Amino acid sequence: MKAAFEAGRWCRAAPLGYCSVGTKNKGQPNIVPLESEACLMRKSFELVHAANDRPAQILRMITDMGLRSKKGKKLTLSTFLQTLRNPVYIGQMKSKKWGTRKGLHVRLVSDRVFYDVQLILKGKKPVAAPYQLNRPDFPLRGFLRCSECN
């Protein structure tokens, strides 16, 4: 397994946006982009990079577009954030034992977009989505007052 990792081959189940191919050649990638999921993952990175919405809102939008887990279930917010932090989307593989290596597989996003998304997720880059005091969910906010507590 270490030799395969050092050669740049993916050694686990294919991540979201990729599918496994059963190739035996050492110089060929063993995961390739699955275009239906890959375009939604690219869109996820672009939406987070634009920083107009919070990740939870982006997850709702992407889920409505059809992104599901490999088992067909809706993604949770923690799984979505963990997926956005995975360096496989810039063509790298990460292992606790063996460090980080460049993979043979095709990248889905550019380095700049990926690292900007990491800064946004860490809270080091401000999100342009301001807090909305008047939301459509609460149309009477500011007009009604409680008679007991004012």
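K124 lies in the segment after α5, and this residue is a convenient place to begin a tour of the structure, which is a predicted model. Because its relative accessibility is 65%, above the 50% that marks the limit for exposed residues, K124 counts as exposed. If we compare its place in the chain with its place in space, K124 stands 25 residues from G99 in sequence, and the C-alpha atoms of the two are 25 Å apart.

**The overall fold**

Taken as a whole, the protein contains five helices and four strands, and, read from the N terminus on, these elements follow one another in the order α-β-β-α-α-α-β-β-α. The C-alpha trace spans about 75 × 30 × 25 Å along its principal axes. The radius of gyration of the protein is 20 Å, whereas a compact globule of 150 residues would have a value near 15 Å.

Of the 150 residues in the protein, 33% are buried, and the surface that the protein exposes comes to about 10100 Å², of which carbon and sulfur atoms supply 54%. When we consider the contacts between residues with a separation of 6 or more, 53% of them join residues that are 24 or more positions apart.

**Two residues of one loop, and one of a helix**

Which residues does Y89 touch, once those up to four places away in sequence are not counted? Y89, which is placed in the loop between α4 and β3, touches P15, L16, Y18, M41, F45, T83, R107, L108 and V109. Its relative accessible area is 1%, and because this is under 20%, Y89 is classed as buried. The C-alpha atom of Y89 is separated by 15 Å from that of T79, a residue 10 places away along the chain.

R85 also lies in the loop between α4 and β3, but with a relative accessibility of 39%, which falls between the limits of 20% and 50%, R85 counts as partly exposed. Leaving aside neighbours within four places in sequence, R85 is in contact with F114, Q118 and L121. I62, by contrast, is 23 residues from R85 in sequence, and the distance between their C-alpha atoms is 17 Å.

E46 has its place in helix α2, which covers residues 35–50. E46 is partly exposed as well, since its relative accessible area of 49% lies under the 50% limit and above 20%. Its C-alpha atom is separated by 19 Å from that of T76, which is 30 residues away along the chain.

The table gathers the accessibility of the residues discussed here.

| Residue | Relative accessible area | Class |
|---|---|---|
| Y89 | 1% | buried |
| R85 | 39% | partly exposed |
| E46 | 49% | partly exposed |
| K124 | 65% | exposed |

**The largest pocket**

How much space lies in the largest pocket? The volume is about 450 Å³, and among the 18 residues that line this pocket, those closest to its centre are R12, Q82, R85, N86 and P87. The loop residue R85, described above as partly exposed, is thus one of the residues closest to the centre of the pocket.

Three elements, namely α4 (77–84), β3 (92–95) and α5 (111–122), each give two or more residues to the lining of the largest pocket, and the largest share, three residues, comes from α4. Sorted by class, the lining consists of nine nonpolar, six polar and three charged residues.

Terms used:
Residues numbered from 1 in each chain as written. Predicted model: local features only at pLDDT ≥ 70, side-chain atom pairs only at ≥ 80, totals over all residues. Heavy atoms only, no water. 1 Å grid on protein atoms, 1.4 Å probe; cavity = no way out; pocket = protein on both sides within 12 Å on 5 of 7 lines; lining within 4 Å. Points joined across faces, edges and corners; volume = space filled by probe spheres on them. Nonpolar A, V, L, I, M, F, W, Y, C, P; charged D, E, K, R; others polar. Rg over C-alpha atoms; globule rule 2.2 N^0.38 Å. Buried < 20%, exposed > 50% of the residue type's maximum accessible area, 1.4 Å probe, protein only. Contact = heavy atoms within 4.5 Å. Areas by Shrake-Rupley, 256 points an atom, 1.4 Å probe, with all protein chains shown as cover.
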